[in-house]
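Here is my note on the structure below, set out as numbered points. Please read each one with the structure open beside the text.

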Amino acid sequence: MRAALAAAAEDAIIYDLDGIGRQYSALCAELPGVAIRFAMKACPVGEVLAHLAHLGSGFDAAGPQEVVEALRTGAAPESIHYGNTVKSDRNIAEAYRLGVRDFATDSIEDVAAIAEHAPGSRVFCRIATTGDGALWGLSHKFGCSPDDAVRVLGAARATGLVPSGLSVHVGSQQMTAEAWFEAIETLAALVETLNRHGIVPDRINLGGGLPALGVLDRHGRPLEPPLDKMFTVIREGMERLRAVNAGPLDFLLEPGRHLVADHGAIRAHTVRLTSRHRLDGTREDWLYLSCGKFNGLYEMDQLQYRLEFPTHPDGQFVNAVVAGPTCDSDDAYAQDGMVRVPRTIASGDPVWVHSCGAYAAAYATQGFNGFSPLPYTCIGGRAPDGEGA
Ligand SMILES: Cc1ncc(COP(=O)(O)O)c(C=O)c1O
């Protein structure tokens, strides 16, 4: 990655396919037997998707367009599910036409639509979580209560669908193992209730939420998620769920950022380092970069990406607020999260932005303020015939 960043003469996002592959293999080793379905929204880049498919990953698609992209990798329709609880009749019918038979749901209304437009399909009901402990909670828009889930899966059965299971998402960039523990406790109680209603799930989808490791919080402090503990809690939780269910249980995971975040980086450049006085008379230094919230660093208001200034490894530094190039005040790191920046950095000097492989390409706007999405390149990766991907 460092060689690719150094070789880039212009701004670009670079994805390290071998790094993503290693991350995928490490996850499979931590959670043996769990089927991985990559949450495509985190990195809908053809080469990344194809590489993951080649390694055996399935896909969590949010609509028919993502289903088409997933199928383009050669993935079998059975390894793709429609993981979005929000879907129109038309989108359900289109996904069904494309071969998808596996749908997330969280409401009676959605179940009725799936029964009509994707008859006989399997549905799994998403349970709401608090989102506590995550940088992005995902707690209100999706998921229903355990009581609702009994009704939703009962309605699925009554309308000829297969009530195949349950799902949760503990929130994105989840920082605590307790969130998994609590989600699994809720699932275990619900599995018992479902069994009493004659519904025996055959699958639990433990969602996304596993963290990136190389990012900082919005004040610039390293985020150190207890990944080993999370895996232990998940492994023990799977055993517990298997023990309470009346039939065999398979497990799915739909990770997004954990697979790609730390294996993507941006070669950006310095727009300018400036020094200004605020209205209260205090002085503030600002480093403006060529990319920001609207062209690659969408999450920069909630976290900090690590920056490297390859042409200025030593020398004098100033503490500056980092911001993107647009005329939008959201396009900046938090103002109390100063970053050490070389005092003599000049307009045009390269800046490397690390661990920004998740939610970078997909969230880039189509030229907000005239700043185009960055081009991307992929390094590494082996195609099935042994050629470089
Ligand atoms: C349904 C679903 N699954 C998985 C993910 C991936 O989440 P993460 O990137 O936190 O792993 C998301 C992201 O929002 C999602 O909505």
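1. Please keep in mind throughout that this is a predicted model. The protein chain holds ten helices and 20 strands, and the C-alpha trace spans about 70 × 50 × 40 Å along its principal axes.

2. On the overall form, a compact globule with 389 residues would have a radius of gyration near 21 Å, and the protein chain has 22 Å, which agrees. Buried residues make up 47% of the 389 residues in the protein chain. If we take the contacts with a separation of 6 or more, residues 24 or more positions apart account for 72% of them.

3. The domain assignment divides the protein chain into domain 1, residues 17-261, and domain 2, residues 262-379. The C-alpha centres of domain 1 and domain 2 lie 33 Å apart, and 25 residues of domain 1 are in contact with 24 residues of domain 2.

4. Which elements give two or more residues to the side of domain 1 that touches domain 2? They are helix 2 (17-30), helix 3 (46-55), strand 11 (216-217) and helix 10 (257-260), and among these helix 2 gives the most, with four residues. When the residues on this side of domain 1 are sorted by class, 14 are nonpolar, six are polar and five are charged.

5. Helix 6, which covers residues 108-117, is a good place to practise reading a helix from its two sides. Its buried residues are D110, V111, A113, I114 and H117. Seen down the axis of helix 6, these buried residues fall within an arc of 165°, so they line one face of the helix. On the other side of helix 6, E109 and E116 are exposed.

6. What do the buried residues of helix 6 pack against? Their partners are two helices and two strands, namely helix 5 (89-97) and helix 7 (146-158), together with strand 5 (102-105) and strand 6 (122-126).

7. The last point concerns the ligand, which 17 residues surround. The closest of them are A39, S172, G208, G256 and R257, and I would suggest finding these in the structure before turning to the rest of the shell. By class, the shell around the ligand has five nonpolar, eight polar and four charged residues.

Definitions and conventions
Residues are numbered from 1 along each chain as its sequence is written. This is a predicted model: local features need pLDDT of at least 70, side-chain atom pairs count only at pLDDT 80 or more; totals for chains, interfaces and linings use all residues. A residue is buried if 20 or more other C-beta atoms lie within 10 Å of its own, exposed if 12 or fewer, and partly exposed in between; C-beta atoms are placed from the backbone. The arc is that of the directions from the helix axis to the C-beta atoms. Two residues are in contact if their C-beta atoms, placed from the backbone, lie within 7 Å. A residue is near a molecule or strand if its C-beta atom, placed from the backbone, lies within 6 Å of it. Ala, Val, Leu, Ile, Met, Phe, Trp, Tyr, Cys and Pro count as nonpolar, Asp, Glu, Lys and Arg as charged, and the others, Gly among them, as polar. Domain bounds come from an automatic or database domain assignment. The radius of gyration is taken over C-alpha atoms; the globule rule is 2.2 Å times the number of residues to the power 0.38.
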